[in-house]
Amino acid sequence: MVADVVVISNDPFIDENPSWWVPLNETVVPGYDKFPVAEKNLLWLTMNRIVIGIAWNTNLVKGDDVPKGYQDLVTNPAFAKKGSIVIADPRSTPSVMSYYKVWSKI
């Protein structure tokens with residue numbers, strides 16, 4: 001055993017390598033039985049969620065240009081200028097890569 005707890009944001013890493021992990025239960029993780037069913041399985045628990053949102057410079061983006069959703073970022077000409085939209089490098093974490101996958105489908 002290398003660690004008692006691993007925090008990771010990539011379910012397939014765990015689900016595709018079940019032999020690497022200790023199956024969870026109330027003895028291994030006190031409180032396991034109280035977790036919502038949708039937030040756990042035999043190999044992992046969802047401990048937190050990170051909300052990804054849109055932020056803008058209120059000195060530059062005003063009125064009708066204020067985005068009401070992600071679609072506004074690709075349909076509003078105000079955001080067509082190179083460098084007006086910035087997002088994390090997709091290689092930084094698996095969760096960011098998943099985010100890019102969703103965007104590529106849209």
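**Notebook: aromatic rings, a surface patch and single residues**

I began at the end of the helices, where I106 lies in the segment after α3, the helix that spans 94-105. The model I am reading is a predicted one, and I keep that in mind for every value below. I looked up the accessibility of I106 and found a relative accessible area of 69%, so I entered this residue as exposed, the cut-off being over 50%. I then took the distance from I106 to A38, two residues that stand 68 residues apart along the chain, and their C-alpha atoms turned out to be separated by 26 Å.

**Entry on A38 and E39**

From there I went to A38, which is found in the loop between α1 and α2. A38 has 64% relative accessibility and therefore counts as exposed. I also checked A38 against R49, 11 residues away along the chain, and noted a C-alpha separation of 13 Å.

E39 lies in the loop between α1 and α2 as well, and I wanted to know whether to write it down as buried or exposed. Its relative accessibility is 19%, and because the limit for buried is under 20%, E39 counts as buried. Leaving aside residues up to four places away in sequence, I listed W44, L45, T46 and R49 as the residues that E39 touches.

**Entry on the aromatic rings**

Next I searched the whole structure for aromatic pairs, and the search returned 3 of them. One of these is formed by F13 and W21, whose rings are edge-to-face, with 6.0 Å from centre to centre and 70° between the planes. For W20 and W21 I noted ring centres 6.5 Å apart and planes at 50°, so this pair is entered as tilted. Ring pairs thus link F13, W20 and W21, and I recorded these residues as a cluster.

I then asked how accessible the members F13 and W20 are. F13 has 34% relative accessibility and so counts as partly exposed, whereas W20, at 52%, counts as exposed. As for its place in the chain, W20 is found in the loop between α1, which covers 11-15, and α2, which covers 70-75.

**Entry on the patch and on a charge over a ring**

Both F13 and W20 came up again when I looked at the surface, where they form a nonpolar patch with V6 and I8. Together the residues of this patch have about 380 Å² of accessible area.

Apart from the ring pairs, I looked for a charge placed over an aromatic ring, and I noted K40 and Y32: the charged end of K40 sits over the ring of Y32, at 4.4 Å from its centre.

**Entry on P90 and helix α3**

My last stop was P90, which is found in the loop between α2 and α3. With a relative accessible area of 27%, P90 is partly exposed, because this value falls between the 20% limit for buried and the 50% limit for exposed. Which residues does P90 touch, not counting those up to four places away in sequence? I found V96, M97 and Y100. For Y100, which is 10 residues from P90 along the chain, I also wrote down the C-alpha separation, and it is 6.7 Å.

K101 is found in helix α3, and its relative accessible area of 52% means that I entered it as exposed. Between the C-alpha atoms of K101 and P90, which are 11 residues apart along the chain, I noted a separation of 9.5 Å.

Technical notes. Residues are numbered from 1 along each chain as its sequence is written. This is a predicted model: local features need pLDDT of at least 70, side-chain atom pairs count only at pLDDT 80 or more; totals for chains, interfaces and linings use all residues. Side-chain values use heavy atoms; hydrogens and water are left out. Rings of Phe, Tyr and Trp (its six-membered ring) pair if their centres lie within 6.5 Å; planes under 30 degrees apart count as stacked, over 60 as edge-to-face and the rest as tilted. Buried means under 20% relative accessible area, exposed over 50%, partly exposed in between (1.4 Å probe, protein chains only). A charge sits over a ring if NZ of Lys or CZ of Arg is within 6 Å of the ring centre and within 35 degrees of the ring normal. Patches are made of residues with over 30% relative accessible area and no salt bridge: like charges are joined within 9 Å, nonpolar side chains (Val, Leu, Ile, Met, Phe, Trp, Tyr) within 5 Å. Accessible areas come from the Shrake-Rupley method with a 1.4 Å probe; for residues, only the protein chains shown count as cover. A salt bridge is a side-chain nitrogen of Lys or Arg within 4 Å of a carboxyl oxygen of Asp or Glu. Helices (H or I, at least four residues) and strands (E, at least two) are DSSP runs, numbered from the N terminus. Contact means heavy atoms within 4.5 Å.
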